[in-house]
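Me: I should like to work through this structure by means of questions, with each reply reasoned to a definite value or name.

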Amino acid sequence: MHLTRITYCSEIIKNIGSEELGDILEVSRRNNVKDSITGVLLFNSNFFLQCLEGSREVVNRLYSRICCDKRHHNVQIVAYSEVSKRQFADWDMAYLPWTETTRKIIAQYSIGAEFNPYQMSAQSAIELLDDLGRILQKGDN
């Protein structure tokens, strides 16, 4: 099996409250453990930016399900590659909360004041998630 990483973004059609987001994360984490998927999710109430890592077959199947999920609109692949190791190996599905620290780091990678993953290069999106992941590991947010 080839270790694969996909980073995608999508828009949210309807508002997702904290309870629904918690349910999404709980189900995702449970399924990801079963499927040996690791990753990280950034959500700002308008957009998802997510990175998923695992076997090519499982990652592709999960991405296909996401594309069919009615909560996602305009799903687009930001980056897709085979990798030699996991970047987010410590998390079944890390959630990067929208905080002042998060906003400051996002501003370093964005062309405007508002977060819009559709306006980011693949490299910027991956480096953003990596930087935010390091902060999450430290517990600084």
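Me: In this model, does Arg-5 count as buried or exposed, and at what relative accessibility?

Reply: The model is a predicted one. Arg-5 is found in strand 1, which spans residues 3–12. Buried means under 20% relative accessible area. Arg-5 therefore counts as buried, and its relative accessibility is 12%.

Me: Which backbone oxygen does the side chain of Arg-5 reach?

Reply: With neighbours within four places in sequence left aside, the contacts of Arg-5 include Cys-51, Leu-52, Glu-53, Tyr-80 and Lys-85. At 3.1 Å, the side chain of Arg-5 reaches the backbone oxygen of one residue in that list, namely Lys-85.

Me: In what order do the strands of the open sheet lie?

Reply: The sheet is open, has 5 strands and shows mixed pairing. Its edge strands, each pairing on one side only, are strand 4 (72–82) and strand 5 (94–96). From one strand to the next the twist averages 15 degrees. The order is 4-1-3-2-5.

Me: How many bridges join strand 1 to strand 3?

Reply: Strand 1 and strand 3 run antiparallel. Within this pairing, Ile-6 has Leu-52 of strand 3 as its bridge partner. The number of bridges joining the two strands is 9.

Me: Which residue of strand 4 stands opposite Ile-12?

Reply: Strand 1 is also joined to strand 4, in an antiparallel arrangement with 8 bridges. In strand 4, the residue opposite Ile-12 is His-72.

Me: How many residues lie between strand 2 and strand 3 in the hairpin that they form?

Reply: Strand 2 (residues 38–43) runs antiparallel to strand 3, and 6 bridges join them. Gly-39 stands opposite Leu-52 in strand 3. In the turn of the hairpin, Ser-45 has a positive phi of about 80 degrees. The number of residues between the two strands is 3.

Me: Which backbone nitrogens does the side chain of Asn-44 reach?

Reply: Asn-44 lies in the loop between strand 2 and strand 3. It is buried, at a relative accessible area of 10%. Its side chain reaches one backbone nitrogen at 3.0 Å and another at 2.8 Å. In that order, these nitrogens belong to Asn-46 and Phe-47.

Me: What is the C-alpha to C-alpha distance in space of Asn-44 and Ile-12?

Reply: Neighbours within four places in sequence aside, Asn-44 is in contact with Trp-98 and Phe-115. Asn-44 and Ile-12 are 32 residues apart in sequence. Their C-alpha to C-alpha distance in space is 9.7 Å.

Me: Why is strand 3 described as largely enclosed by the rest of the structure?

Reply: Strand 3 comprises residues 47–55. One of its neighbours in the sheet order 4-1-3-2-5 is strand 1. Strand 3 is largely enclosed because its buried residues number 9 of the 9.

Me: How many disulfides does a search of the whole structure find?

Reply: Cys-9 is buried, at 2% relative accessibility, and the closest cysteine sulfur, in Cys-67, is 11 Å from its own, too far for a bond. Cys-51 is in no disulfide either, as the nearest cysteine sulfur, that of Cys-9, is 13 Å away. Cys-51 is likewise buried, with a relative accessible area of 1%. Over the whole structure, the number of disulfides found is 0.

Me: How wide an arc do the buried residues of helix 3 cover around the axis, and which exposed residues does the opposite face carry?

Reply: The buried residues of helix 3 (residues 100–109) are Thr-102, Ile-105, Ile-106 and Tyr-109. They lie on the same side of helix 3 because the arc that they cover is only 105 degrees. Strand 2 and helix 4 (122–138) are among the elements that cover them. The face turned away from the buried side carries the exposed residues Lys-104 and Gln-108.

Me: At about what angle to strand 5 does helix 4 run?

Reply: Helix 1 (residues 18–35) lies across strand 2 and strand 5, and runs at about 150 degrees to strand 5. Helix 4 lies across strand 1, strand 2, strand 3, strand 4 and strand 5. The angle of helix 4 to strand 5 is about 100 degrees.

How values were computed
Residues numbered from 1 in each chain as written. Predicted model: local features only at pLDDT ≥ 70, side-chain atom pairs only at ≥ 80, totals over all residues. Heavy atoms only, no water. Helix = DSSP H or I, 4+ residues; strand = E, 2+ residues; numbered from the N terminus. Buried < 20%, exposed > 50% of the residue type's maximum accessible area, 1.4 Å probe, protein only. Polar contact = N/O pair within 3.5 Å; in protein donor to acceptor, adjacent residues only side chain to side chain. Contact = heavy atoms within 4.5 Å. Pairing = 2+ DSSP bridges. Arc of directions from axis to C-beta. Axes fitted to C-alpha atoms, helices over the stretch in contact; angles between N-to-C directions. Disulfide = S-S within 2.5 Å.
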